[in-house]
Amino acid sequence: MTLTDNASDAARDSEICTHAFEEHERYEGAIAPPIYQTSLFTFPTLERFTEVMRDERSHFVYSRGLNPTVKLLEDKLAALERGEMAKAFASGMGAISATMMTLLDQGDHVLLVNQAYGPTRQLLEQMARFGVSFSETGGSRGEVETALRDDTRLIYIESPSSMRMALADLDGIAELARSRGVLTAIDNTWATPLYQKPLTHGIDLTLHTLSKYIGGHSDLVGGVVVGRRELVAPIFEHGHQLLGAALSPHSAFLALRGLRTLPIRMRQHQANVLEVIRYLATQPSVAGLHHPCLATGEPAAWAERQLSGHAGLLSFEIVDPSYVRIAGFIDTLRVFRIGVSWGGYESLAISQRQPDDTGPALIRLAIGLEDVQSLLDDLERAFRTLQ
Ligand SMILES: Cc1ncc(COP(=O)(O)O)c(C=O)c1O
């Protein structure tokens, strides 16, 4: 099925999440695309095999390269991000490490914008062994301009970031980077491709862990990188093929199933999170609340320009954030479960507070799809422990 050119963004996205690129006549009419659970593909003659091997990256040869179920997911994700090409990986970290390993050379510097996901930062710490350095800065064009170095090869952004939900000025940073010949990449997991399309703001590459909203049911781990063919093709050739973090056909099928309901799930996450934020804002024990819908000043203008919706991940601080108080709060929750990750149907709560820590500490909530009143009742019970 082909895409209608003049559909609105939301209608186009809905078509991509549901029917686009699916060829049911090839699947015996099956409405759910089959899982091509095969490691290799065979050919009728050696002549055909020889021909195919001359262009292996465009043909189904071996599932560490291309697989039809994974390819369908890649085509949909490329279209959702308005990119030319997508390559899927066995995890978000698979996508991030393949991208870094392909794009960076000895002597290159990476500028991290906003607090990057911990393992992304750890990967760059490891890459110091290969002569790659990094530093960190905030999300305004001015901050990035000050932090840029002559050897900066890549600006790697998280916006919104996944602990403080910090924002960055995508248009400003992309324009600056282009003028300096520096590549830009963003971890777009928080917003999903439905609520933010960084490539349309001039960013070169957009990455996701599929393990969050795209999978949507907390039953798969996967990742993807999307962008212009000239950038993604080498990531496929080197970072994907040689590091080998290939997404399994079964996980690709689960992600395809997740995409079918992504638009309606995101609407529900948004409705629920806005209710929860309204409630948290009335709590005297809440000392600071972090979510892009609360942005003020310049970040509010970026949010307005870049985000077309709100995901369910937020964080907040409490008054007197001792470990005992935070543990008492989180342990009282019954509907919210305690666990890492986010983006599934279930609401989750965590804190990185350690028993001996002092100073501010965040409680992070992933607002799921449960009835919002049950979430508010659960929070109310937990806040009583803080009074
Ligand atoms: C913002 C963000 N990016 C990347 C990742 C890594 O993805 P994965 O766990 O699929 O490797 C995570 C995982 O929690 C994440 O939260």
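Student: How many aromatic pairs does a search of the whole structure find?
Tutor: Good place to start! Keep in mind that this is a predicted model. Searching the whole structure for aromatic pairs gives a total of 7.

Student: Is the pair of Phe41 and Phe60 stacked, edge-to-face or tilted?
Tutor: A ring pair is described by the distance of the centres and the angle of the planes. For Phe41 and Phe60 the centres are 5.7 Å apart and the planes meet at 35°. Planes under 30 degrees apart would count as stacked and those over 60 as edge-to-face. The angle of 35° fits neither, so this pair is tilted.

Student: How many residues apart in sequence are the parts that Phe41 and Phe60 tie together?
Tutor: Let's place each ring. Phe41 sits in the loop between α1 and α2 (46-53), while Phe60 sits in the loop between α2 and α3 (68-80). The pair therefore links parts whose separation in sequence is 19 residues.

Student: How many salt bridges are there by this rule?
Tutor: The rule asks for a side-chain nitrogen of Lys or Arg within 4 Å of a carboxyl oxygen of Asp or Glu. Lys197 and Asp13 meet in this way, at 2.8 Å from N to O. By this rule the count is 24.

Student: How far apart in sequence are the parts that Lys197 and Asp13 tie together?
Tutor: Lys197 belongs to the loop between α8 and β6 (205-209), and Asp13 to helix α1. Their salt bridge therefore ties together parts with a sequence separation of 184 residues.

Student: Into which domains is the protein chain divided, and what distance separates their centres?
Tutor: The chain has domain 1 (9-258) and domain 2 (262-384). Taken over C-alpha atoms, the distance between their centres is 27 Å.

Student: What is the area buried between domain 1 and domain 2?
Tutor: Where the domains meet, 32 residues of domain 1 are in contact with 36 residues of domain 2. Carbon and sulfur atoms give 63% of the buried area. That area is about 3,000 Å².

Student: Which residue forms a salt bridge with Asp171?
Tutor: There are 3 salt bridges between domain 1 and domain 2. In the one formed by Asp171, the closest N and O atoms are 3.1 Å apart. The partner is Arg305.

Student: Which helix gives the most to the side of domain 1 that touches domain 2?
Tutor: At least two residues of that side come from each of α1 (9-18), α7 (170-180) and α8 (192-195). With 3 residues, the one giving the most is α8.

Student: Which residues does a cis peptide bond join, and what is omega there?
Tutor: Look at the loop between β4 (152-158) and α7, where Pro160 is placed. The cis bond joins Ser159 and Pro160, with omega about -15°.

Student: What value is phi of Met165 near?
Tutor: Met165 is also found in the loop between β4 and α7. Its phi is positive in a residue other than glycine, near 55°.

Note on methods
Residues numbered from 1 in each chain as written. Predicted model: local features only at pLDDT ≥ 70, side-chain atom pairs only at ≥ 80, totals over all residues. Heavy atoms only, no water. Domains from an automatic or database assignment. Contact = heavy atoms within 4.5 Å. Buried area = accessible area lost by both parts, 1.4 Å probe. Helix = DSSP H or I, 4+ residues; strand = E, 2+ residues; numbered from the N terminus. Phe/Tyr/Trp six-rings, centres within 6.5 Å; stacked < 30°, edge-to-face > 60°.
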